[in-house]
Amino acid sequence: MTTAAGYNFGYLDENSKRMIRRALLKAVAVPGYQVPFGSREMPLPYGWGTGGIQVTASIIGPDDVLKVIDQGADDTTNAVSIRRFFAKVAGVATTERTAEASIIQTRHRVPEAPLREGQILVYQVPMPEPMFRLEPRLAETRKLHALADYSIMHIKFYEDIARTGHIATSYNYPVMVDDRYLMSPSPIPSFDNPKLHRMPALQLFGAGREKRIYAVPPYTKVRSLDFEDHPFQPIRADGTCALCGSRESYLDEIVTDDRGGRMFICSDTDYCGTRAAGQEAAE
Amino acid sequence: MTWALRTEHLDKSFVMHLQGGARMPVLAAVELEVRPGECVALAGVSGAGKSTLLRCLYGNYGASGGRILLRHADDTVDLATADARLVRAIRRRTLGYVSQFLRVIPRVPTLDIVAEPMRAMGLGADAARQRAAALLLRLNMPAHLHSLPPATFSGGEQQRVNLARGFAPAFPVLLLDEPTASLDAANRDVVVALIGEAKRRGTAIVGVFHDTEVRDRVADRLFTVAAMDRTPCAT
Amino acid sequence: MSPLLAAQGLGLRFGTVTALDDVAVEIWPGEVVAIVGESGSGKTTLLRVLSGMMPPQAGRVLYRDPEGGQHSLFDMPEIALRRLHRSDWGFVYQNPRDGLRLGISAGGNIGERLMAAGHRNYGHIRAIAAEWLARVEIDPGRIDTLPRNFSGGMQQRLQIARTLVTSPRLVFMDEPTGGLDVSVQARLLDMIRGLVAELDLAVLLVTHDISAARLLAHRIVVMQQGRVVEAGLTDRVLDDPQHPYTQLLTTSVLSA
């Protein structure tokens, strides 16, 4: 394992990593609470995962095995770029297998395979403030968090039900963490929300442009907001994966022609590939 | 207790700041005592201050000096120096006032206007409305008027609403300002009867009656309010 | 028994302008107190100070909570004050736009305080909202309408419903009938009067409209240039005004 010459291990200097780790410790100490941090200049622009990369850079060690996914796929341009970046500046081993990774950096999905104690899931977060669309003033949302007054979120859901009969949020669905803070789980599909609840792995969230870090420690209570008489329902396309036949995983819909032809494929490439390989082996 | 209401050296003058601070004395050293069950009619020339005295007794006008003593809730209170909350409490339980004019509250039905003081005393809504209806009927206000707001009533009808409102709660002390001014003979008789019943209940009544015939039928004695020299003097 | 709210020695200056000068006010449960005065009298400033929105430079405001505990309003942590405004207190703004969420339906506006208080049953919240719409004389069928499509009077009534839904003991009202047509004002005042009696509300009402004060208030506080010039029973102050300014005010009122 060698790191590129001229770069500190993990790209960031040690003081920056220390600063970020302090923020991470605070975040873990107060689950769901957004901790401000000194977001550094990274070799890619805001909006491309700089927050997640800074978190990963601060916790990664030479013995870690890194997996990077983007919308569930290991093979998109961004996932590949980030994986190569860490291979270059940290010299770590990388993998596409969820079960083999010690750190998984993700954009907008939670892996289908259940995570274990000792694994860390790093989420890339565009907008850490769950109430941003309803109340854009950060000074105000900070007060609301301090007061634990999340009524505007409930109002939004009330309006959804009044207008359409159901809650209209299907991704970035807000959750209550440890019965105290309202948190944005990042733009993961609401289908993934139940996975956050009492997850054995540590979940870290980094927003580079907004300069916030938050965390959900292992085995923490995470509950999606809802009403008693309109309980939370994870949403998933009613389809079967064309590659592995799964009816449980989250599916991407792919348009195949201009005559309405379409197919569904697992969004999680590792899950799909593992299942398909398992079936082949069985045959 | 030999008296229900008495004044001690009651003074009232008005200072008209918009007329250069001119001071107009109306009442001076009024000593009035009213016993339970007694009806005292205020007498005096027009403008002598009879209505003013009545309004002072209700707390509507502030006394310039002296005391206005009242038996209220097993205690003796001085209305002249009582704070606003106490005056309201006194008006709720002890002291009633039938004014000459009905200040109309838009949209509230007559029955509820009459029932309101009884409700304030603690009477239930149904009981209050029943008593209100009975009294209105006695005053020859037919049932179909009870659900209407009194804004469109004639002067005589509005006065009868006032009367019902004032008599229904059976206050221990009742002040009447020209109670029969706009009434016909039949209704005047009803008012005389109501006053009589109130007296028999032990109500102390102070009234201004322009109608001397009514006055002579109800008053146990006259109390003359002396006219003062009203020439405003500069202070 | 102590007052719900008591202020003593309030003083506040904006630069060289005296907004409040040694002002004392009390309000007791179930009582309506009107603060009247002309523009610049300090009445709106007084309302802001009494409701905790603006700290005075002198004096203090004491609040008595439902358990009887006394608190100095400006020594309370902001979090406690904000909670107070959501539960035990209400504030009706002069312009309903300041007191409503215009982009949220009427039902959502009323339901907000309920949801803030922890209500989590959609059907139940909706039922309470519909009930309150009826109480403020808005057709419950308009529960999903946005307030920006309501008339001014309806917006004001919605604001009142939104404020009263959690049964506050004290409601501050800043010129609640300002900007409304006369007939609409009469209806609104009458509705407020009914609700006050029914709910045993204490109301601190700022108005320049003397006849509104006479209709609604038990006590009246007259302000001029930051000072309280006269205060007392409403009918006494309006029928037998003592202070020159009060006499001026009462004789200036045009009666129809």
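Two strands pair if DSSP finds at least two bridges between them. Helices (H or I, at least four residues) and strands (E, at least two) are DSSP runs, numbered from the N terminus.

This is a predicted model, in which local features need pLDDT of at least 70 and side-chain atom pairs count only at pLDDT 80 or more, while totals for chains, interfaces and linings use all residues. Residues are numbered from 1 along each chain as its sequence is written, and chains are lettered from A in the order in which they are written.

## A hairpin in chain B

Strand S5 (residues 65-72) and strand S6 (residues 75-78) of chain B run antiparallel and are joined by 4 bridges. Leu70(B) stands opposite Val77(B) in S6(B). The hairpin has 2 residues between its strands, and Ala73(B) takes a positive phi near 50° there.

## The sheet of chain C

Chain C holds an open sheet of 6 strands with mixed pairing, in the order S6-S7-S8-S3-S9-S10. Strand S6 (89-92) and strand S10 (227-233) of chain C stand at the edges; each has a single partner strand, so one side of each is left without a neighbour in the sheet. From one strand to the next, the twist averages 15°. Angles run from 0 to 180 degrees between N-to-C directions, and axes are lines fitted to C-alpha atoms, for helices over the stretch in contact.

Strand S9 (residues 219-224) of chain C pairs with S10(C) in the antiparallel sense, over 6 bridges. Val221(C) stands opposite Ala231(C) in S10(C).

Helix H1 (residues 43-50) of chain C lies across four strands: S3 (32-36), S7 (170-174), S8 (202-207) and S9 of chain C. H1(C) runs at about 150° to S8(C).

## Helix H7 of chain C

Helix H7 (residues 182-199) of chain C has 18 residues. From first C-alpha to last it reaches 26 Å, close to the 26 Å expected at 1.5 Å a residue. That expected span is 1.5 Å times one less than the number of residues.

Which residues of H7(C) are buried? Leu188(C), Leu189(C), Ile192(C) and Val196(C) are. They cover an arc of only 100° around the axis, which puts them on the same side of H7(C). The arc is that of the directions from the helix axis to the C-beta atoms. A residue is buried if 20 or more other C-beta atoms lie within 10 Å of its own, exposed if 12 or fewer, and partly exposed in between, with C-beta atoms placed from the backbone.

Ser183(C) and Glu198(C) are exposed on the other side of H7(C). The cover over the buried residues of H7(C) includes S3, helix H6 (152-164), S8 and helix H8 (210-216) of chain C. Just after H7(C), Asp200(C) takes a positive phi of about 50°.

## A buried loop residue

Leu73(C) lies in the loop between strand S5 (70-72) and helix H2 (78-86) of chain C. Leu73(C) counts as buried because it has 20 C-beta neighbours inside 10 Å. Leu62(C) is 11 residues away in sequence and 5.7 Å away in space, C-alpha to C-alpha. Leaving aside neighbours within four places in sequence, Leu73(C) is in contact with Gly52(C), Val61(C) and Tyr63(C). Two residues are in contact if their C-beta atoms, placed from the backbone, lie within 7 Å.

## Domains

Domain bounds come from an automatic or database domain assignment.

| Chain | Domain 1 | Domain 2 | Distance between centres (C-alpha atoms) |
|---|---|---|---|
| A | residues 14-128 + 177-223 | residues 236-283 | 26 Å |
| C | residues 1-88 + 173-256 | residues 100-167 | 26 Å |

In chain A, the contact takes 15 residues from domain 1 and 8 residues from domain 2. In chain C, 12 residues of domain 1 are in contact with 13 residues of domain 2. H7(C) gives the most to the side of domain 1 of chain C that touches domain 2, with 7 residues.

## Between the chains

Of the 2 pairs of chains in contact, chains A and C share the most contacts. That contact takes 14 residues from chain A and 17 residues from chain C. Helix H4 (138-147) and helix H5 (151-164) of chain A are the elements that give two or more residues to the side of chain A that touches chain C. H5(A) supplies the largest share of that side, 7 residues.

Chain C also meets chain B, with 17 residues of chain C in contact with 13 residues of chain B. On the chain C side, H7, S10, helix H9 (234-239) and helix H10 (244-252) each supply at least two residues. The largest share, 4 residues, comes from H10(C). No contact joins chain A and chain B, whose closest C-alpha atoms lie 34 Å apart.
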